[in-house]
Amino acid sequence: MALSDTPSAPRRIAHLDMDAFFASVELLRYPDLRGRPVVVGGRAVSQPATDKNGNRNYARLRDYVGRGVITTSTYEARALGVFSAMGMMKAAQLAPDAILLPADFAAYRRYSNLFKAAVAQVAPSIEDRGIDEIYIDLTEHAEPSLEIAQRIKAAVKDATGLVCSIAISPNKLLSKIGSDLDKPDGLTLLSMDDLPTRIWPLPVRKINGIGPKAGVKLEGLGISTIAQLAQARPDLLQEHFGLTYARWLLRVAHGLDERPVVLHSTPKSISRETTFERDLHVLHDKAALSEAFLRLCTQVAGDLERKGYVGRTIGIKLRFDDFRTVTRDFTLPVETADAHTIHRAAGQCLKRIVMDHKIRLLGVRIGALSQPGAQPGGGQTTQGELFSD
């Protein structure tokens, strides 16, 4: 048989998702909290204190005051209705006795790097999708899906002490859905034959790419499950969603997805932002705003240096107390990864905004990224006024 006539191996794509990742990292540090409802997302004042007898005293969700949001929660807290992105005060009503811990993103990034390196030793064709999830192309591996999935899970556990859920299917769409089906510590194998029993009964929002607005619109059309979407009339979907999105909806409802696992990609931008515990006044709270502004610029510069990028387009984002969001950009003549340069350019952006309300959120971003052979260092800058020259 000629080489060109050799049939290619069927696609096998895995999606690996770390289980309650941030909370699980915290439980490594505080094993006495295992089995208890724990919420991550508190301020630094929520850090556990140790008394003279060596006993830890933890903050409780009922004592939280502010408008922060949940970063993540343990499965015990989720059983009480507390999920990520929920407001802290609402969560406190549902689970007042839940333990509250501050987020430690440096630790989460460290464990993220550890689990990805462990997977790469088993199967190196990885698409990085964020701090706690990856896609893996297993098409060229000779091992049966069950065996290689078990090896990957064991490698993650050995390297981090954490558990993950993994699904293997013919494509990214089904694997993304599948990794959530048997959490925690799940191992799910799906084929196209499993669509009627495992995929179609699920809500349409389980499909990555169907957001809240589309979900509500589909619900209004009497389409609440993936099975109903697969059986929907094409003309009905086109009338309400347009031709392109309607075609995509029908394809994904039938489990079809040709997207490749992207091994290398350049991010479009790098950003940092913070939501303040209270709305800050431009004049009365200038010192606090200046400190936050400087910190964000320095963090963006550090992210650039760590990831090996430089950029040209500096942007800022402000959300006011009336929930109005404003953005401004400034393009530099040359690329940079220098904190002082980012701070100065972002300051120019701020000067183009009318500050007629208190500030709820502040963000700094850099775009038009590239990876030069040699780049400037991340650098440090000095404390300055929010609107300094």
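1. A word first on what "meet" will mean here: two residues are in contact when they have heavy atoms within 4.5 Å of each other. Please also keep in mind, as you look around, that this is a predicted model.

2. With that in hand, let's visit a pair of helices. Pro234, Leu237, Gln238 and Phe241 of α10 are in contact with Leu243, Tyr245, Ala246, Leu249 and Leu250 of α11. Sorted by character, the residues of this contact come out as 8 nonpolar, 1 polar and no charged. If you are picking out the α10 side by eye, one general point may help: an α-helix has 3.6 residues a turn, so residues three or four places apart point the same way.

3. How do the two helices lie against each other? Helix α10 covers residues 234-241 and helix α11 covers residues 243-253; they pack at an angle of about 135°, and their axes are 7 Å apart. Because angles over 145 degrees would be needed for roughly antiparallel, α10 counts as oblique to α11. The crossing of α10 past α11 is right-handed.

4. Next, have a look at α1. Of its 9 residues, 7 are buried, so this helix is largely enclosed by the rest of the structure. The buried residues in α1 are Phe21, Phe22, Ala23, Ser24, Val25, Glu26 and Leu27.

5. Proline 37 makes a good next stop. You will find it in the loop that runs between α1 (21-29) and β2 (38-42). Is proline 37 buried or partly exposed? Its relative accessibility is 23%, and since buried means under 20%, proline 37 counts as partly exposed.

6. What does proline 37 touch, once its neighbours within four places in sequence are set aside? Its contacts are Thr74, Glu76, Ala77, Leu80, Ala98 and Ile99. Leucine 361, by comparison, is 324 residues from proline 37 in sequence, and the two C-alpha atoms are 29 Å apart in space.

7. Finally, the cysteines. How many disulfides does a search of the whole structure find? The count is 0. Cysteine 297 is in no disulfide, and the nearest cysteine sulfur to its own belongs to cysteine 349, 9.7 Å away. Why is there no bond from cysteine 349? Its closest cysteine sulfur, in cysteine 297, is too far away at 9.7 Å, because a disulfide needs the two sulfur atoms within 2.5 Å. As for their surroundings, cysteine 297 counts as buried at 0% relative accessibility, and cysteine 349 counts as buried at 0% too.

Notes. Residues are numbered from 1 along each chain as its sequence is written. This is a predicted model: local features need pLDDT of at least 70, side-chain atom pairs count only at pLDDT 80 or more; totals for chains, interfaces and linings use all residues. Side-chain values use heavy atoms; hydrogens and water are left out. Helices (H or I, at least four residues) and strands (E, at least two) are DSSP runs, numbered from the N terminus. Buried means under 20% relative accessible area, exposed over 50%, partly exposed in between (1.4 Å probe, protein chains only). Axes are lines fitted to C-alpha atoms, for helices over the stretch in contact, and angles run from 0 to 180 degrees between N-to-C directions. Angles under 35 degrees count as roughly parallel, over 145 as roughly antiparallel, 65 to 115 as roughly perpendicular and the rest as oblique. A crossing is left-handed if the near helix is turned anticlockwise from the far one by less than a right angle, and right-handed if clockwise. Ala, Val, Leu, Ile, Met, Phe, Trp, Tyr, Cys and Pro count as nonpolar, Asp, Glu, Lys and Arg as charged, and the others, Gly among them, as polar.
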